[in-house]
Amino acid sequence: MWTAIYMVEGAEAAKKLQEKLKAEGFLVKVKPFSKEGDNIVYKILVPEFEADDAQTVLIDLGLGY
């Protein structure tokens with residue numbers, strides 16, 4: 001089961017985040033979530049069993065809360 005751990009606006013930002021998480025050893029999927037005009041919000045997903053660890057990495061990157 002895949003779990004959304006973050007939402008990001010823009011394909012380029014989503015791809016960069018995906019690459020950072022992959023570099024840390026996570027399996028990552030990016031899926032479009034919503035579109036408002038030209039802006040698309042993407043969900044960053046990881047397997048459920050990796051979600052807590054991936055959240056920790058996001059915090060270390062300054063993206064989590």
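Is Val41 buried, exposed or partly exposed? Select Val41 to begin: this residue sits in strand β3, and at 21% relative accessibility Val41 counts as partly exposed, because buried is reserved for values under 20%. Please keep in mind throughout the tour that the model is predicted.

**Stop 1: around Val41**

With Val41 still selected, show its surroundings and leave out residues up to four places away in sequence; the residues that Val41 then touches are Met7, Val8, Glu9, Lys31, Pro32, Phe33 and Ser34. For a distance across the model, draw a line from the C-alpha atom of Val41 to that of Asp60, which is 19 residues away along the chain, and the viewer should give a separation of 22 Å.

**Stop 2: the whole chain**

Now zoom out and colour by secondary structure, which comes to two helices and three strands, arranged along the sequence in the pattern β-α-β-β-α. The radius of gyration is 11 Å, close to the 11 Å that the globule rule gives for 65 residues, so the chain is as compact as a globular protein of that length. If you turn the C-alpha trace onto its principal axes, the spans are about 35 × 25 × 20 Å.

Two further values describe how the chain is packed and what it shows to the outside. Of the contacts between residues at least 6 apart in sequence, 61% join residues at least 24 apart, and buried residues make up 28% of the 65 residues. With the surface switched on, the chain exposes about 4,600 Å², of which carbon and sulfur atoms supply 51%.

**Stop 3: the nonpolar core**

Hide the surface and select Ile5, Leu21, Phe26, Val28, Ile44 and Val46, which, of the 14 residues in the largest nonpolar core, touch the most other members. Two or more residues of this core come from each of β1 (2–9), α1 (11–23), β3 (39–47) and α2 (51–60), and the largest share, four residues, is the contribution of α2.

Within that group, centre the view on Ile44. Once its neighbours within four places in sequence are set aside, Ile44 is in contact with Thr3, Ala4, Ile5, Tyr6, Val8, Ala14, Leu17, Leu21, Val28, Lys29 and Val30.

**Stop 4: helix α1 and its salt bridges**

Move next to helix α1, where Gln18 lies. Gln18 is buried, with a relative accessible area of 18%, and, not counting residues up to four places away in sequence, Gln18 touches Val28 and Val30.

How many salt bridges does the structure hold? There are two, and you can show each of them by selecting a pair of side chains. For one of them, select Glu12 and Lys16, whose side chains meet at 3.5 Å, N to O; these residues are four apart in helix α1, which means that about one helical turn separates them. Glu12 counts as exposed, at 57% relative accessibility, whereas Lys16 is partly exposed, with a relative accessible area of 46%.

For the other, select Lys15 and Glu19, where the side chains meet in a salt bridge at 3.6 Å, N to O. Lys15 and Glu19 are likewise four residues apart in helix α1 and separated by about one helical turn, and Glu19 counts as partly exposed, at 44% relative accessibility.

**Stop 5: the two sides of helix α2**

Go on to α2 and select its buried residues, which are Ala51, Ala54, Val57 and Leu58. If you look down the axis of α2, these buried residues fall within an arc of 120°, so they line one face of the helix. Bring back the rest of the chain to see what covers them, which includes β1, α1 and β3.

Then rotate to the face of α2 turned away from its buried side, which carries the exposed residues Asp52 and Asp60. Asp60, at 65% relative accessibility, counts as exposed; from its C-alpha atom to that of Lys43, 17 residues away in sequence, the distance in space is 19 Å.

**Last stop: after α2**

Finish by selecting Gly62, which follows α2 and has a positive phi, near 85°.

Terms used: Residues are numbered from 1 along each chain as its sequence is written. This is a predicted model: local features need pLDDT of at least 70, side-chain atom pairs count only at pLDDT 80 or more; totals for chains, interfaces and linings use all residues. Side-chain values use heavy atoms; hydrogens and water are left out. A nonpolar core is a set of buried Ala, Val, Leu, Ile, Met, Phe, Trp, Tyr and Cys residues joined through side-chain atoms within 4.5 Å. Buried means under 20% relative accessible area, exposed over 50%, partly exposed in between (1.4 Å probe, protein chains only). Contact means heavy atoms within 4.5 Å. A salt bridge is a side-chain nitrogen of Lys or Arg within 4 Å of a carboxyl oxygen of Asp or Glu. The arc is that of the directions from the helix axis to the C-beta atoms. The radius of gyration is taken over C-alpha atoms; the globule rule is 2.2 Å times the number of residues to the power 0.38. Accessible areas come from the Shrake-Rupley method with a 1.4 Å probe; for residues, only the protein chains shown count as cover.
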